[in-house]
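Trainee: Got a minute to go through this one with me? I'd like to get a feel for the inside and the charged pairs.

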Amino acid sequence: LEALRRLYPGAQALRDQQEEIRAATRDLRRQDEAGLKGLEGDLKAWREVTTTFVGNAARDLRTEVAAEAPGAGADAEAAANEVRAGRHELCVELPGTLASGALERLRRGLVTDLQRLAARAGKLERERQAAEKALAKPDAGTLAREQAAHRERVGAWRNVAEDFTTWR
């Protein structure tokens, strides 16, 4: 519960549950047998609320993770595949004349940049898919790890999109 409170400080349900647990903990030593049985039922209910909260938070995060990849990553990978397959204008080597030497170096640089962009996009996509898979069976640790990774990937995707726009 404490880990979830750190992740979601504004969640009223977690705040209320924590207050209920604190109140029950203060009165724990004064409870008789019947009171302890009642607290067992409360404990089950608290676990259920926590499990529901984690499931809902994971569902929300999984939706955000699914939508984090911009089209530029796929475009970069598609262009790199076209170059590899020989269907892109950058795959044609220029003749080795003095006038076209500078253009050939530029062409090779563009191909290399495109390959790097495609590799970065591929890595981010694999990480995104792994995050979606990990969020299928969530717990507080998974939420903490994947929420931080999601924020990093969003920034990395933004960089890939900007770099691909610049490359294009």
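What follows is a chat about the cores, the salt bridges and a few single residues.

Mentor: Sure. Keep in mind that this is a predicted model.

Trainee: OK, let's start inside. Which residues have the most contacts in the largest nonpolar core?

Mentor: Those are L4, Y8, L14, F53, L135 and L143, in a core of 13 residues. The biggest contribution to that core comes from helix α3, residues 33-66, with 6 residues.

Trainee: And what does L135 touch, leaving out neighbours within four places in sequence?

Mentor: Quite a list: A58, L61, R62, V65, T142, L143 and E146. Apart from this core there's another one, with 12 residues, including A72, A80, L90 and W167.

Trainee: Switching to charges. How many salt bridges are there?

Mentor: The count is 12. One of them joins E68 and R153, whose closest N and O atoms are 2.5 Å apart.

Trainee: Where do E68 and R153 sit?

Mentor: E68 is in the loop between α3 and α4, while R153 belongs to helix α6, residues 140-167. They're 85 residues apart, so this pair links distant parts of the chain.

Trainee: Are those two buried or exposed?

Mentor: Both count as buried, because buried means under 20% relative accessible area. E68 comes in at 9%, and R153 at 4%.

Trainee: What about R168, which residue does it pair with?

Mentor: R168 meets D75 in a salt bridge, at 3.6 Å from N to O. R168 is in the segment after α6 and D75 is in helix α4, so the pair ties together parts that are 93 residues apart in sequence.

Trainee: Buried or exposed, that R168?

Mentor: Exposed, with 64% relative accessibility. Its partner D75 is partly exposed, at 38%.

Trainee: Then there's R145. Which side chain does it meet in a salt bridge?

Mentor: That of E146, again with 3.6 Å between N and O. R145 counts as partly exposed at 49%, whereas E146 is buried at 8%. You've met E146 already, as one of the contacts of L135.

Trainee: Why can side chains like that pair up at all?

Mentor: In general, opposite charges on side chains can pair when the charged atoms come close.

Trainee: Let's change topic to E104. Where is it?

Mentor: E104 is in helix α5, which covers residues 98-134. It's buried, at 10% relative accessibility.

Trainee: What does the E104 side chain do there?

Mentor: It makes a polar contact with the side chain of R107, at 2.7 Å. There's also a network of salt bridges linking E104, R107 and R108.

Trainee: Which residues does E104 touch beyond four places in sequence?

Mentor: E93 and L94. L94 turns up again on the outside, where it makes a nonpolar surface patch of about 270 Å² with L103 and L106. L106 lies in helix α5, the helix that also holds E104.

Trainee: Last one, Q17. Buried or exposed?

Mentor: Buried, with a relative accessible area of 4%. Q17 is in helix α2, residues 12-26.

Trainee: And what does Q17 touch, beyond four places away in sequence?

Mentor: L1, W46, V49 and T50.

Note on methods. Residues numbered from 1 in each chain as written. Predicted model: local features only at pLDDT ≥ 70, side-chain atom pairs only at ≥ 80, totals over all residues. Heavy atoms only, no water. Helix = DSSP H or I, 4+ residues; strand = E, 2+ residues; numbered from the N terminus. Buried < 20%, exposed > 50% of the residue type's maximum accessible area, 1.4 Å probe, protein only. Polar contact = N/O pair within 3.5 Å; in protein donor to acceptor, adjacent residues only side chain to side chain. Contact = heavy atoms within 4.5 Å. Core = buried A, V, L, I, M, F, W, Y, C linked by side-chain atoms within 4.5 Å. Patch = residues over 30% accessible without salt bridge, like charges linked within 9 Å, V, L, I, M, F, W, Y side chains within 5 Å. Areas by Shrake-Rupley, 256 points an atom, 1.4 Å probe, with all protein chains shown as cover. Salt bridge = Lys/Arg side-chain N within 4 Å of Asp/Glu carboxyl O.
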